[in-house]
Each structure stands twice: as C-alpha cells, then as structure tokens.
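Here are some notes to read with the structure open beside you. Take them one at a time and find each residue as you go.

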Amino acid sequence: GQVRCSVPDEARSGTGVGRLPQELGLGAGDAEARRVRVVWQGRRAGVEVSGASGALVVSSRLDREELCGKSAPCSLRLELLQERPLRVFHVELDVTDINDNAPLFPVNEEAFNIAESSLPGSRFPLEGASDADIGANAQLSYTLSPSEYFRLHHQRNDDQSDSMALVLTKPLDRETVPVHRLVLTATDGGRPSLTGTMELAISVMDANDNAPQFNQSVYRIKVLEGSEIGTPLITLSATDLDEGSNSDVMYLFSRRVATQVREMFSIDENKGEIRLQGKLDYEEMDNYEITIEARDKGTPPLSGHCKVLLEVLDVNDNAPEVWVTSLSVPVSEDASVGTVVALLSVSDRDSGANGRVQCSVWPTSPFSLESRFLGSYSLVLREALDRERVSEYEVEVRAEDGGKPTLRARRSVRVPVSDVNDNAPAFSQAVYTVLARENNAAGAELARVWARDPDEAGNGRVSYSLWEGVSGASVSVGGWRPASSYVSVDAESGRVWAVQALDYEELQVLQFEVRAVDAGEPPLVGNATVQVFVVDENDNAPMLLPSVGGGPGLVPPLSPAVGGVAGTSLETMSGPDSETLWAWAAWGAPAGQVVAKIRAVDADSGYNAWLRYEVLEPRGKGPFRVGLYSGEVSTARALEEPDGRRQRLVIVVRDQGEPSRSATATLSVSLVEGGEKALAVAGSSSLPGLLLPAEGGAAAGSASASTNVWLVVAICAVSSVFVLALVLYGASRW
C-alpha cells in the first residue's frame with residue numbers, strides 16, 4: 001500500500017518521520033539486514049532510512065520553500081526498496097509549512113512624486129510584499145503609519161493577488177509639507193506573526209496633475225508554450241487627460257519587474273505592444289505576472305499602472321522518461337510465473353493528457369508489466385522460461401503519452417536466463433549396431449557413442465559408463481559373462497574399445513547398455529543399447545570326425561550289400577597333416593557303390609564352414625571318386641582284378657574361406673574276393689572301428705544327398721542374414 005507521513009519545515013537532522021517501522025512491519029535491525037533504501041521520484045530531500053531502527057529520519061536541512069516553492073501541499077514521492085526479499089513500499093512525504101519567512105518588500109524605500117494639484121481620492125499604486133510561506137503563514141495584512149493626507153487601500157483580487165494603493169485624503173500643499181515620509185508595514189497570519197516594512201518617500205510636485213490611466217487594471221492572456229520568438233501577445237493602451245507633452249504616454253516595464261520577465265518579453269514604448277522574445281516552457285514556469293507603467297512626458301512625469309497576467313498553456317513537447325530502479329538478473333529458468341524481474345519508474349513533465357503515460361512491453365511474452373501506483377511499474381514473468389530455447393531476452397519497455405501528437409520513449413532491459421539441470425543426456429541413436437571382426441586386437445576401437453545435453457556448464461557435461469545391470473552375453477564355454485570382460489567405455493569421449501580379442505566361435509552377439517550421466521544436481525541419465533555382432537574369420541581348419549567304430553573320419557556302409565560287393569575294414573594311422581584310413585571293397589562291385597564316407601566339420605560358420613571333398617591322389621581317372629560335398633567315397637566304375645589288391649586315395653577337405661584352410665585323409669582300400677571279404681569281416685570284427693557294409697547302398701546315398709541339400713540351404717540362409725546385417729549397418733551409419 002501507500003504510506004503517507006509528514007515532517008515539519010526546517011526539521012532538525014535526526015527527526016523521525018512517521019511510524020514506518022510499525023506500518024511496514026520492520027523490527028530493529030531489519031532495515032539493514034533487508035537492505036532497505038530510499039528511491040526518489042522527482043525532487044530529492046534530505047531523508048534516509050535509519051539502519052538501526054528502520055525509521056525514516058531527516059538527514060539534512062529540509063526547506064519547504066526550496067523544495068516546493070509556493071506549491072501547496074508540498075508532497076514528495078519516494079519509494080522504500082527492500083531487496084531481501086524484493087519488495088517496494090510507496091511513501092508520500094508531506095513537508096508542512098512553518099512561519100519561518102517574514103514578509104519582504106521589493107525595496108526598503110519607495111519614492112513617489114505627487115503633484116500638489118492632485119485631488120483628494122487620487123490613488124497611487126504600491127508594490128505589495130511577498131512571503132515565501134504558504135497558507136495562513138502567507139496571508140498578509142498591511143498597515144500605514146498615521147497620516148492626515150494619506151490612507152491605505154488594500155484589495156484581494158479573485159486570483160488571490162493583492163491590489164494596493166495609497167489614497168490621497170486631502171489636498172496637498174507643497175509649500176507646507178514638501179515631503180511626506182510614511183512607513184508601510186506587512187504582517188503575515190502566522191503564529192507568532194512576522195512583519196516587514198517599507199518606507200514611502202512622497203515628494204509633492206507642482207504642474208502635471210493627471211496621470212495616464214489604463215482602461216483595465218488587470219489584463220489576462222493565454223499563450224502556448226514553445227511559441228515563436230517575436231509573437232505579439234497584447235497591445236496596451238492608456239489615456240492622459242492632460243494636453244501637450246503632459247499627455248504623451250510611453251510604456252515600459254515597472255521598475256520592480258523580475259529580470260526573467262524582462263528577458264522573456266519586450267514592450268514597444270510608443271505602441272504599448274508586448275512581444276515574446278524568449279522561449280516559453282510550461283515545465284519551467286506556467287504563469288507570469290507583468291507590471292506595466294504608462295508614464296507621461298510632463299514635468300514631473302506621472303504614471304499609471306496595470307498588470308498583465310500571462311498563463312502558459314502546455315503542449316506535448318516532452319517525451320515520457322523511463323528509469324529502471326531495480327533489476328534482479330539473471331532469472332532462473334525454473335522461476336515461477338509472477339516473479340518480479342525489474343522495477344521501473346515512468347514520468348512525463350507535461351500535464352493533463354499530455355502527461356498521462358501508458359506503458360507496454362515488447363515482445364509480449366514471456367514478460368508483462370504490472371502497475372499498482374501511478375508512475376511505478378513491475379516487470380513480471382508471465383510464462384515459464386526455457387534457457388535451451390532462449391538464453392537471453394532483450395526486453396523493451398515502451399511508454400507513450402496521451403498528447404497529440406503522441407510522444408514515445410523506450411528503455412531496453414537485458415534479462416539473461418540462468419540454467420537448471422532439466423534436460424537428461426540424449427544419445428544420437430537409441431540402438432547402435434556394430435560389426436566387429438573376430439581376433440581383433442585388445443584395445444581396438446569398436447564404436448563411438450555420443451549423447452547431447454542442451455544444458456550448460458556442469459549441467460551439460462556428460463560422462464559415459466558401461467551399465468553392468470543388464471549388460472552381458474552367453475558364451476559357448478562358461479555360460480554367462482559380463483560385458484565388461486569384453487568391452488570398456490571411455491568416460492570422456494564415449495569410445496567403445498575391446499578389452500580382449502573376440503572369438504566368433506565363443507561369442508556371436510554381444511549386447512550391452514551405455515549410460516550417459518550429466519554433472520548436474522541431481523544428475524540426469526540417458527541410456528543407449530549397443531549390439532556388437534562378431535564377424536567370423538576363417539581361423540579354423542576342417543577337422544575329421546571319428547567314425548562310429550573309433551577311427552577318424554571314415555563312415556562305412558551300415559549293412560552288407562547284396563552279393564557282397566563292397567565293405568570296409570578300419571585301421572587308422574595318424575600323421576601331423578593327414579589321417580590314414582583303411583577300407584575294403586569287393587571285386588566286381590558296380591559303379592556308384594559307396595565304399596566309405598569321410599566325415600569332417602569346421603568350427604567356423606558360413607562360407608568358412610562350407611566343406612568340399614576332393615581326391616588329391618591318384619590324379620586322373622581312378623576306380624574311386626569322392627562326393628564333392630557329401631564326402632562319400634564310391635566306385636567310379638566296376639572293380640576288376642587288374643586294379644590291384646589295394647588302392648591308396650589321398651582325400652583333401654577344404655573350406656570356402658579366404659584364404660582357404662584344409663585337412664587331408666589317406667584312405668587305403670583293399671580289394672578282396674567274396675570269401676576273403678567274409679574272412680576280412682570275421683577277422684576284423686575284433687578291430688576297433690570295424691563296420692559291416694550297408695544294406696541298400698542307394699538308400700544310404702539318398703539320405704546323404706538329402707543331408708547335403710539341407711546343409712546348402714542352411715549356408716545360404718546364414719549368408720543372407722550376414723549380407724542383410726551389413727546393409728543395415730551401412731544404412732544406419734550413413
């Protein structure tokens with residue numbers, strides 16, 4: 001609210017003003033703790049806030065006449081600004097007048113020349129006294145020392161000005177009394193009253209006994225401020241009933257006219273025309289009182305007087321003024337709606353509609369202006385702030401008055417927005433897909449993850465870590481292992497690097513989560529999933545599998561063939577680079593008869609595990625051949641005695657990798673008769689790995705061919721998935 005208090009004129013330093021501590025709820029010492037200070041609007045006076053008591057006290061001499069002149073009442077507007085917390089109290093301080101100024105005449109002695117021919121009742125204007133006080137203290141009454149020739153006539157005009165004249169009561173006789181000395185006393189209405197005096201020296205002159213007379217005693221005119229220099233204001237006219245030179249009138253300013261009036265106006269001595277010769281400013285002075293004397297050229301000269309009361313009319317020549325009295329910046333981006341950002345004072349030196357000011361703010365959001373007292377505005381927050389969207393506002397407060405034409409003023413207020421940790425780090429991708437070749441070096445970089453936090457300083461500084469809560473992988477040996485045993489994440493750069501070499505045969509897919517944490521309070525977290533697909537390399541050579549009977553790589557037929565045409569006996573000899581296998585076949589076996597089957601596997605996958613079987617020796621067309629993908633050793637033609645009793649085959653097993661890896665097996669096939677075959681079977685039954693010939697060789701061959709078809713389908717499917725993964729990875733990186 002607004003507090004009104006008063007202080008007497010000329011109050012001593014230290015005098016308390018009003019009961020502000022009680023009205024504003026301030027205790028002892030609160031004013032200093034809350035940083036309460038005085039903010040002036042307009043005229044300043046010597047008052048301040050006592051830090052000890054919180055009271056408003058006089059700090060230096062208060063002179064109401066110096067502060068307000070003749071204005072009544074003398075009201076000073078000020079604001080008490082409390083910064084902790086931010087509050088503002090509006091105080092209107094009335095300086096009450098005391099009777100400390102005595103009436104003062106313009107001069108101590110006034111000399112008059114009065115013709116002895118003057119008739120009783122003649123009036124001679126007198127200059128009144130002035131009192132710097134106001135009200136009753138400035139109400140003056142006049143008395144004249146006793147005289148049988150003169151009396152005092154005093155009249156109060158409608159405009160509160162005084163008209164005073166010395167009235168002749170009886171004819172003068174210069175020879176009897178050539179000079180009359182009287183004392184004019186002015187007494188004010190104060191308690192106690194003060195007085196001022198002026199001595200009147202009246203010389204009685206002969207001859208010219210008619211003074212010029214104006215047709216009006218008071219002239220009133222109105223002039224716009226800012227009128228051009230040389231503008232005619234009024235033409236006065238006075239008449240003198242005398243003749244000759246005694247009736248010739250000249251016009252001039254009275255001797256008591258103030259210097260500023262003489263500088264502002266000029267008068268034509270012959271015509272009585274008053275012109276403007278200075279620049280009128282309503283804000284400096286809104287009215288002038290000009291006393292004009294019409295003097296004849298008689299001997300002695302006689303004078304007539306009148307007053308010209310000039311009122312200056314206001315025009316809209318002063319733009320509004322805007323001051324920032326308090327500014328609380330930066331503003332936190334989580335500040336609540338209604339937070340006061342700045343206090344502003346607005347004024348316009350013009351009056352009336354020309355001085356009525358309207359204020360607005362641009363841009364219209366997120367701030368607005370609130371006004372609860374005339375000329376005082378608060379810049380408040382009306383919408384939530386977001387520093388990541390706008391980090392600083394340049395707010396323009398616009399003021400315009402109600403004059404025609406309208407005058408405007410602007411004041412810019414810079415409002416920076418301070419950051420709070422309201423944004424979690426966000427990764428550029430929710431899922432990172434990485435292809436890594438097996439057997440990579442420990443410490444090799446696998447990928448880089450990056451998270452952005454739009455906050456600033458520590459709130460936007462991101463560190464990365466591997467989240468052990470859900471990260472890990474199932475491996476072929478040892479079950480589940482944590483992801484940290486395979487990879488690590490650099491906290492600063494987000495670089496993902498391998499802790500150890502990856503082995504496709506142990507681990508095909510590693511999935512883990514990377515956590516990004518900012519340095520704000522409280523810290524905010526973002527997550528991303530990283531999928532590492534291990535790409536197989538051809539690092540495993542084919543390996544021959546043991547047969548059912550215990551020898552490596554040889555699978556004989558499952559039952560005897562009709563007529564005893566083929567069979568196997570198993571004997572294994574292992575060398576460093578190959579395996580030696582033994583089998584048998586009967587003479588007369590037809591072409592296509594399966595003799596044995598080489599079984600091998602490759603720990604790699606895809607093309608690296610796709611095996612081909614070839615006869616390395618003997619070269620050329622021999623009696624035996626091997627299935628390209630099945631590994632079945634069969635007769636290429638009917639076996640005959642010229643083929644010998646034993647055939648030695650060197651079979652190589654190669655994968656499709658780059659470079660290709662291989663393994664070799666040596667198969668020794670014994671050719672026997674039907675009886676010998678039975679003996680061989682009987683004799684070999686005690687040997688490990690001996691299997692009887694398969695019944696239905698064609699059925700066995702069909703089952704083997706079916707297995708090969710499914711192997712080809714599986715290899716194609718795996719290859720397609722691999723190519724699709726490469727395409728998706730390339731597209732995501734692009």
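The points below go through rings, cores, charges and a few single residues in this predicted model.

1. **Start with the aromatic rings.** Searching the whole structure turns up eight aromatic pairs. Take Phe 265 and Tyr 288: their rings are edge-to-face, with 5.3 Å centre to centre and 85° between the planes. This pair links distant parts of the chain, since Phe 265 sits in strand β20 (residues 265–267) and Tyr 288 in strand β22 (residues 287–296), 23 residues apart. Are these two buried or exposed? Both Phe 265 and Tyr 288 are buried.

2. **Now look at a stacked pair.** Trp 610 and Tyr 629 are stacked, at 5.6 Å centre to centre and 25° between the planes. Here, too, distant parts of the chain are linked: Trp 610 is in the loop between β48 (600–601) and β49 (612–617), while Tyr 629 is in the loop between β50 (624–626) and β51 (632–635), 19 residues apart. Trp 610 has 14% relative accessibility, so it counts as buried. Tyr 629 has a relative accessible area of 30%, which means it is partly exposed.

3. **Stay in that loop for a moment.** Leu 628 also lies in the loop between β50 and β51. Its relative accessibility is 36%, so Leu 628 counts as partly exposed. Leaving aside residues up to four places away in sequence, Leu 628 touches Leu 611, Arg 612 and Tyr 613. Try finding Glu 614 as well: Leu 628 and Glu 614 are 14 residues apart in sequence, yet their C-alpha atoms are 6.4 Å apart in space.

4. **Then compare Thr 635.** You'll find Thr 635 in strand β51. Why is Thr 635 called buried? Its relative accessible area is 0%, and buried means under 20%, so Thr 635 qualifies. Not counting residues up to four places away in sequence, Thr 635 touches Pro 590, Ala 591, Gly 592, Gln 593, Val 595, Pro 623, Phe 624 and Arg 625.

5. **On to the nonpolar cores.** Which residues have the most contacts inside the largest nonpolar core? They are Phe 427, Tyr 464 and Phe 512, in a core of 28 residues. Two or more residues each come from β33 (431–437), β34 (445–448), β36 (462–475), β38 (487–489), β39 (495–498), β40 (509–518) and β41 (525–535). A second, separate core has 27 residues, including Val 249, Ile 267, Cys 306 and Val 308.

6. **Zoom in on Phe 427.** Ring pairs tie Phe 427, Tyr 432 and Tyr 464 into a cluster. Phe 427 has other contacts too: leaving out residues up to four places away in sequence, the residues it touches include Val 449, Trp 450, Val 514, Arg 515 and Ala 528.

7. **Some charges sit over rings.** Arg 515 lies over the face of Trp 467, at 4.4 Å from the ring centre. Elsewhere, the charged end of Lys 170 is placed over the ring of Tyr 149, 4.9 Å from its centre.

8. **Next, opposite charges.** How many salt bridges does a search of the whole structure find? There are 21 of them. Arg 387 is a good one to click on: its side chain meets that of Glu 388 in a salt bridge (3.3 Å, N to O). Arg 387 also bridges to Asp 419, with the closest N and O atoms 3.1 Å apart. That second pair links distant parts of the chain, from the loop between β29 (376–381) and β30 (392–401) to the loop between β31 (408–418) and β32 (426–427), 32 residues apart. Both Arg 387 and Asp 419 are buried, whereas Glu 388 is partly exposed, with a relative accessible area of 25%. Shared partners join Arg 387, Glu 388, Asp 419 and Glu 456 into one network.

9. **One more salt bridge.** Glu 617 pairs with Arg 648, the closest N and O atoms being 3.4 Å apart. Glu 617 is in strand β49 and Arg 648 in strand β52 (residues 646–654), 31 residues apart. With a relative accessible area of 36%, Glu 617 is partly exposed.

10. **Finish at residues 709–731.** UniProt, in an unreviewed entry, gives residues 709–731 the feature "transmembrane region". In the model this span is 100% helix and 0% strand, and its end C-alpha atoms lie 33 Å apart.

How values were computed. Residues numbered from 1 in each chain as written. Predicted model: local features only at pLDDT ≥ 70, side-chain atom pairs only at ≥ 80, totals over all residues. Heavy atoms only, no water. Phe/Tyr/Trp six-rings, centres within 6.5 Å; stacked < 30°, edge-to-face > 60°. Helix = DSSP H or I, 4+ residues; strand = E, 2+ residues; numbered from the N terminus. Buried < 20%, exposed > 50% of the residue type's maximum accessible area, 1.4 Å probe, protein only. Lys NZ or Arg CZ within 6 Å of the ring centre and 35° of its normal. Core = buried A, V, L, I, M, F, W, Y, C linked by side-chain atoms within 4.5 Å. Contact = heavy atoms within 4.5 Å. UniProt positions renumbered as here; feature names shortened; annotations may be inferred. Salt bridge = Lys/Arg side-chain N within 4 Å of Asp/Glu carboxyl O.
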